[in-house]
Amino acid sequence: MAGIVVIFDFDKTIIDCDSDNWVVDELGFTQLFNQLLPTMPWNSLMDRMMSELHSQGITIKQIEECLKRIPLHPRIITAIKSAHVLGCDLRILSDANRFFIETILKHHGLMDYFSEINTNPSFVDEEGRLRIRPYHDFTSSSHGCNLCPPNMCKGLVIERIQASAFTGSKKRFIYLGDGKGDYCPSLKLNEGDKVMPRKNFPVWELICGNPSLIKAEIHEWSDGVELERTLLHLINMIHIENNSSNLVQLLSGDCKFETIPISTHETFPKVLPVPH
Ligand SMILES: [Mg+2]
Ligand SMILES: [Zn+2]
């Protein structure tokens, strides 16, 4: 087993746009969205927008079809599949919602590659309206983190994943994200972990503002091609580091190495002269 947990943000990381904005814009509700945005938290606004869509006769089926049109870079699909083949435990940590994420992942045949999706819960009510709830119920108590929006502190989720991962053998984490909300979890990563902020996006700017606050190694990326190349490179590096530390443990342990005699006549095949 690789012992590597790869945690992906979703919007502008796995997909290239923001799924909330995509649905609102594609279905023609941008103006209302912009009008209401200053009046309530984003998560509550998305629930409200789903009510507005429903009252204008837009069905769940239409929302699904709209989500399926979101472009997904082919190299991100291969990156996910390769990381899975290499034995990594893949998870999603997103401030979108379960309905949007699952619709998109299923459409691209990617659902089974992820062991966990941490996001805002959603359900279709008896009137056929999509309801979106906060991951953290901020009406009853605050999560207490001032870096994060009231409905979700991704740092707290990372801490929970770290705690569960450390009960087994030691795990290494790779975190990929783009947004402001990805800064808090980046701060929670430890030495030996890797963070992959999307270059020129808010989390990259926050990290670059004071890189000494980040204990994980920082590896930026810009697009699907770079995401795939960087992620697979880091997975390989961790494999090599893990294997060499196993070897160091072995060498410093009790076991004695015996010199294996090499029978010279078997070692190298004879090179036959090529007839002219
Ligand atoms: Mg994002
Ligand atoms: Zn936080």
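Select K12 to begin: K12 is partly exposed, because 19 other C-beta atoms lie within 10 Å of its own, where a residue is called buried if 20 or more other C-beta atoms lie within 10 Å, exposed if 12 or fewer, and partly exposed in between, with C-beta atoms placed from the backbone. K12 sits in the loop between β1 and α1, the elements being DSSP runs numbered from the N terminus, with helices (H or I) of at least four residues and strands (E) of at least two. Its backbone deserves a look, since K12 has a positive phi of about 60 degrees although it is not a glycine. Most residues other than glycine have a negative phi.

Before moving on, note that this is a predicted model, in which local features need pLDDT of at least 70 and side-chain atom pairs count only at pLDDT 80 or more, while totals for chains, interfaces and linings use all residues. Residues are numbered from 1 along each chain as its sequence is written, and chains are lettered from A and ligands numbered from 1 in the order in which they are written.

Next, select D9, D11 and D178, which UniProt lists for "binding site" in an unreviewed entry; such positions are given in the numbering used here, feature names are shortened, and annotations may be inferred rather than shown by experiment. Although these residues are spread over 170 residues of sequence, they cluster in space, with a largest C-alpha distance of 8.2 Å.

Centre the view on D9, in the loop between β1 (4–8) and α1 (19–26). D9 counts as buried because it has 25 C-beta neighbours inside 10 Å. Leaving out residues up to four places away in sequence, D9 touches L93, S94, L176, G177, D178, G179 and D182, a contact being a pair of residues whose C-beta atoms, placed from the backbone, lie within 7 Å.

From there step to D178, in the loop between β6 (172–177) and α8 (183–188). With 23 other C-beta atoms within 10 Å, D178 is buried, and, again without residues up to four places away in sequence, D178 touches D9, K12, T13, R198, F201 and V203.

Now turn to N200, in the loop between β7 (194–197) and α9 (202–209). N200 is exposed, because 11 other C-beta atoms lie within 10 Å, and N200 has a positive phi of about 70 degrees although it is not a glycine.

For the interior, select V6, I174, Y175 and L231, which touch the most other members of the largest nonpolar core, one of 51 residues; such a core is a set of buried Ala, Val, Leu, Ile, Met, Phe, Trp, Tyr and Cys residues joined through C-beta atoms within 7 Å. Apart from this core lies another, of 10 residues, among them Y135, C153, C184 and L206. Leaving aside neighbours within four places in sequence, V6 is in contact with A83, C88, L90 and I174.

A83 leads to helix α5, whose buried residues are I76, A79, I80 and A83. They lie on the same side of α5, because they cover an arc of only 95 degrees around the axis, taken from the directions from the helix axis to the C-beta atoms. The face turned away from this buried side carries the exposed residues P74 and V85. Just beyond, α5 is followed by G87, whose phi is positive, near 90 degrees.

Finally, show the whole protein chain, which has 11 helices and eight strands, and in which buried residues make up 33% of the 276 residues.

Terms used:
Two residues are in contact if their C-beta atoms, placed from the backbone, lie within 7 Å.
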